[in-house]
Amino acid sequence: RRSAPDRGTALKARSAAVSVDVAFSKGLALSLVGGGADAINTLLGDTTATISATNLTVAGALSIAASNTQNADAGGGAGVASVEVGGSGTAIAVGAVRVQNLLGIDSADASHDSRARVQTQIEDSQLQTSGSDGSTADITIEAASTSTYSALALPVSVAVSSSQFAGAFSGAFNDSRIAFDVASTVNRSTLVSAGALHVGATGDNDVGQVNTDAGTLAANLNPTPEGGDALALGAADNRNRIDNVIAVTVSDGGSNTDGSRFTLQSRGDLTLAAEDLGSKVSQTNATTVAVAAGVGAVSGGGAGLYNTLANHINTTISGAVDLLAGVIGDASLAVATTIPAAETVAQEDTFALAGHFNLGDVLTVELSSDTNGASQTWTASHTVTDLRHPEICKGLMAAIHAACGDAFTARVSDSEDRKSTRLNSSHLVISYAVFCLKKK
């Protein structure tokens, strides 16, 4: 029983430009050539799984998941050659390549935060699994995003002149980003698992091999004694960014005026975990090679490499929520009987609840009456459907009235904190962005 996840998306973009110009003249000659290539991948779109206003009981395991897998590869190359042969002239070659991968976002600007969503949402619902074998009756609520990309920008510019001037310029640029909103939300809902209960959100991202390499050659082959000039310049800029938002939220909805409480209960482990499974930048390079040859020769190059990991990871539990893991076994129902001194005063029985109850616990009370030698016995049972002690008492009193009519009267008076969050377990582990409750 699993929602259908995204099966994965892959994009590969390739672009290339080749430009060659040769100029011949006995007098003035000019050879001017340029080439550029763009390779851009953009992967957007939401993946969501939602259950709303549903009461569902499953004999076995229940898994609700939203997931995406995205892979992008962008490559661009430019080959530019300019040759001038003449008595007086110039050769200029300019080449540039830009590559970009945008996964989950349509801008590389860090201030742009309109991310694609990968979300699983449970709202205003009750989900329950049953089964004697707890290992096959787990509840799993999961949102997962897996993204990878690679890129290559490779321009090569060559300028050759036999007279006055040869100039070559090349630039390689990458500006890529991975940014998804990955979330699992349980809002105003109760989940009861006969096995383990897991609510998770994960991101797993890899920037693979990303290279921006620029090669430039300018050569002036003027054979005269005066010679000629050559200028070669190259630039490479490589920017990569991963900034997902990964969150698990369990809440009473923030508006709980009727005093309702919500429960996440498991017979086995209960885990609430927002996790980055290992975002990494595997291999990135920015390289320029600029060579100039001539009587007056100048070459220069610059390279910049910028990698940023800025994920935001949060696990939040708020409001009137009970988290119960394992069979705690400390719940009790005590009955104290007060025997009146005067026969005109009725006997009074006081019921006191203590400890942590689980949904599905059955409370059984046996009552008896002996009036004028006539004995009567009643058995009343109540199944716990609400973990608040006053509500358990009300349910038990209603069961007693149903079983023995007017033989007994009962009333319940108690107060309950409508906003507290309770964590009940024999063992509680809290780590960064993860709450993990272990069974006893």
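**Note on the sheet, salt bridges and surface patch**

1. Strand 9 (residues 180–187) and strand 13 (residues 245–251) run parallel and pair over 7 bridges. Within this pairing, V186 faces V250 of strand 13. The model is a predicted one, and the points below should be read with that in mind.

2. The pair belongs to a wider sheet. Its 5 strands follow the order 2-5-9-13-18, the sheet is open, and the pairing is parallel. Strand 2 (47–52) and strand 18 (312–318) are the edge strands; each has a single partner strand, so one side of each has no neighbour in the sheet. From one strand to the next, the twist averages 5°.

3. Next, the salt bridges. The whole structure holds 9 of them. Three are taken up here, beginning with D46 and R117. Their side chains meet at 3.4 Å, N to O. D46 sits in the loop between strand 1 and strand 2, while R117 is in strand 5 (residues 116–123), so this bridge ties together parts that are 71 residues apart in sequence. What is the exposure of the two partners? D46 is partly exposed, because its relative accessible area is 47%. R117 is partly exposed as well, with 32%.

4. R177 and D243 form another salt bridge, with the closest N and O atoms 2.8 Å apart. This pair also links distant parts of the chain: R177 is in strand 8 (residues 165–178), and D243 is in the loop between strand 12 (229–242) and strand 13, 66 residues apart. Are R177 and D243 buried or exposed? Both are buried.

5. The third pair is D322 and R261. Their side chains meet in a salt bridge at 3.0 Å, N to O. D322 belongs to strand 19 (residues 321–325) and R261 to the loop between strand 13 and strand 14, so far as sequence goes 61 residues apart; the pair links distant parts of the chain. D322 has 1% relative accessibility and therefore counts as buried. R261 is buried too, with a relative accessible area of 8%. Some bridges share partners: R115, R177, R241 and D243 are joined in this way into one network.

6. T263 deserves a look alongside D322. T263 lies in strand 14 (residues 262–266). Is T263 buried or exposed? It is buried, because its relative accessible area is 4%, and the cut-off for buried is under 20%. Which residues does T263 touch, leaving aside neighbours within four places in sequence? They are S189, T190, L191, D322, L324, L359 and L387. D322 is thus on the contact list of T263 and is also the salt-bridge partner of R261.

7. Last, the surface. V18, V20, V22, F24 and V85 make a nonpolar patch of about 510 Å². Which strand gives the most to the patch? Strand 1 (residues 9–43) does, with 4 residues. V20 has its place in strand 1. With 60% relative accessibility, V20 counts as exposed, because the cut-off for exposed is over 50%.

8. To sum up, the open parallel sheet has strand 2 and strand 18 at its edges. The D46–R117 bridge has partly exposed partners, whereas R177 and D243 are both buried. D322 and R261 are buried as well. The nonpolar patch of about 510 Å² includes V20, an exposed residue.

Key
Residues numbered from 1 in each chain as written. Predicted model: local features only at pLDDT ≥ 70, side-chain atom pairs only at ≥ 80, totals over all residues. Heavy atoms only, no water. Patch = residues over 30% accessible without salt bridge, like charges linked within 9 Å, V, L, I, M, F, W, Y side chains within 5 Å. Areas by Shrake-Rupley, 256 points an atom, 1.4 Å probe, with all protein chains shown as cover. Salt bridge = Lys/Arg side-chain N within 4 Å of Asp/Glu carboxyl O. Helix = DSSP H or I, 4+ residues; strand = E, 2+ residues; numbered from the N terminus. Buried < 20%, exposed > 50% of the residue type's maximum accessible area, 1.4 Å probe, protein only. Pairing = 2+ DSSP bridges. Axes fitted to C-alpha atoms, helices over the stretch in contact; angles between N-to-C directions. Contact = heavy atoms within 4.5 Å.
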